[in-house]
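Colleague: Could you pick one part of this model and take me through it closely? I'd like the surroundings as well, with the cut-offs spelled out as you go.

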Amino acid sequence: MSGAKGRGPARAGGGYGRPAGARGGFETYSWFFMRISGLFLIFMALYHLVWWNLIVGVEHLSADLVRERWTNPFWRLFNVGLATFAMLHGLNGLRYSIEDYVRRPGARLAVKMVAYTVVLAALAWAVFALLTFDPAVPRAAA
Amino acid sequence: MAPHSVRGIWTALRYRGREGMWSWILHRATGLGILAFLIVHVLDTAVVIYWPDFYDHTLDLYRTPFFRVAELLIFFAVLYHAVNGLRIVVQDFWPAVMRHQRQLVWAVAGIVGVAMLPIAWIMLAPMLGLAEEPGGERHRARAGTRVEAPAAAPRARPSAPPAPAVVPPLPEARP
């Protein structure tokens, strides 16, 4: 594991332990972010799944139904928060995986660049779409 | 690269990490799976704004049996990742429970397994004709309020075929 830079020996204890003697620094903030965003996501993501899969049902889902939901700015902001927490939590988890499996420094950098670009572009697209959505514009003209 | 990867897989298969190892593998696999789905889901859902007809078209795809099973797998992945993640957070901030970490892994498996039974029923039974689609009652109630029909009048289910139009008979002879 000596070749794996980044998190270093902090991962030796199974991957979830706090680095011994660590004070601040990016990896400590990353560790806290995973736990705080994770706690938010437990409620937000499970609510999202229960609402759309069990209460609304895929059979009754339609573009009109989603647009009606998004006329309320609260739900647009909820989705911005859900997408942001989920994407950043997922991207950091993907970073852990890349650092575990891609050992060569050049390849690791290349894979990370692709991963960051794809995930952050998807997040930017989601946030842009939600924040610029205008319920007053009718569906046909959109 | 290749020798490293091959050795990694063989080491993993021989390694007997018991509950902790399998929960770690499942946590990572569900996490990466959710991220892959999330990217597609976000790109797909945003077309509700820009191309709603295409969104409605993709929904027809999501109602097929293959995607219904996939949706249930996503539900399982999120639920497992959530409950197992909660276990990790509890263990991190309350190290005393590490004495019972094996039992906690089994508790996570039990909670997720029991919760998945009704969820699987709700999401898959309609496909087999064993139960109504989830949200059917809510859907009919909303459709009723939009039409503004009298509340007492019995309403036809949306899935029922439309009543045949009454064609007035032509007069047999004209003056």
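**A close look at helix α5 of chain B**

Modeller: Let's start with the whole chain: of the 175 residues in chain B, 16% are buried, meaning that 20 or more other C-beta atoms lie within 10 Å of a residue's own (exposed is 12 or fewer, partly exposed is in between, and C-beta atoms are placed from the backbone). Keep in mind that this is a predicted model, where local features need pLDDT of at least 70 and side-chain atom pairs count only at pLDDT 80 or more, while totals for chains, interfaces and linings use all residues. As for labels, residues are numbered from 1 along each chain as its sequence is written, and chains are lettered from A and ligands numbered from 1 in the order in which they are written.

How far can you trust it? The predictor puts the complex at an ipTM of 0.83 and a pTM of 0.80. Chain B has an average pLDDT of 83, and 77% of its residues score at least 70; pLDDT is the predictor's confidence in each residue, from 0 to 100. The stretch to be careful with is residues 148-157 of chain B, where pLDDT is below 50 and the model shows four contacts beyond near neighbours in sequence. Where pLDDT is low, the coordinates shouldn't be read in detail.

Chain B has six helices and zero strands, counting DSSP runs numbered from the N terminus (H or I, at least four residues, for helices; E, at least two, for strands). Of the chain B contacts with a separation of 6 or more, 62% join residues 24 or more positions apart; a contact here means C-beta atoms, placed from the backbone, within 7 Å.

Now the helix itself. α5(B) covers residues 101-124, which is 24 residues, and runs 33 Å from first C-alpha to last, close to the 34 Å expected at 1.5 Å a residue. The expected span is 1.5 Å times one less than the number of residues. There is a kink of about 30 degrees at Met116(B), shortly before the proline Pro118(B), with the bend taken as the angle between axes fitted to the seven residues ending at a position and the seven starting there.

Which residues of α5(B) are buried? Leu104(B), Val105(B), Val108(B), Ile122(B) and Met123(B). Their cover includes α2 and α4 (65-93) of chain B, along with α1 of chain A. Ala115(B) also sits in α5(B), but Ala115(B) is partly exposed because 16 other C-beta atoms lie within 10 Å. From Ala115(B) to Arg63(B) it's 52 residues in sequence and 23 Å in space, C-alpha to C-alpha.

The α2 side can be followed through Glu19(B), which belongs to helix α2 of chain B. Setting aside neighbours within four places in sequence, Glu19(B) touches Arg102(B), Val105(B) and Trp106(B). Glu19(B) is partly exposed, since 15 other C-beta atoms lie within 10 Å. Gly110(B) is 91 residues from Glu19(B) in sequence and 13 Å away in space, C-alpha to C-alpha.

On the chain A side, the contact between the chains takes 41 residues from chain A and 39 from chain B. α1, α2 (63-69), α3 and α4 of chain A each give two or more residues to chain A's side, and α1(A) has the largest share, eleven residues. That side divides into 25 nonpolar, ten polar and six charged residues. Here Ala, Val, Leu, Ile, Met, Phe, Trp, Tyr, Cys and Pro count as nonpolar, Asp, Glu, Lys and Arg as charged, and the others, Gly among them, as polar.

Chain A has four helices and zero strands, and 15% of its 142 residues count as buried. α3(A) (residues 73-101) has 29 residues, so at 1.5 Å a residue it should span 42 Å, and its end C-alpha atoms, 41 Å apart, agree with that. Among the buried residues of α3(A) are Leu82(A), Met87(A) and Leu94(A). The buried residues of α3(A) pack against α1 (26-56) and α4 (105-132) of chain A, and against α2 of chain B.

Key: Contact = placed C-beta atoms within 7 Å.
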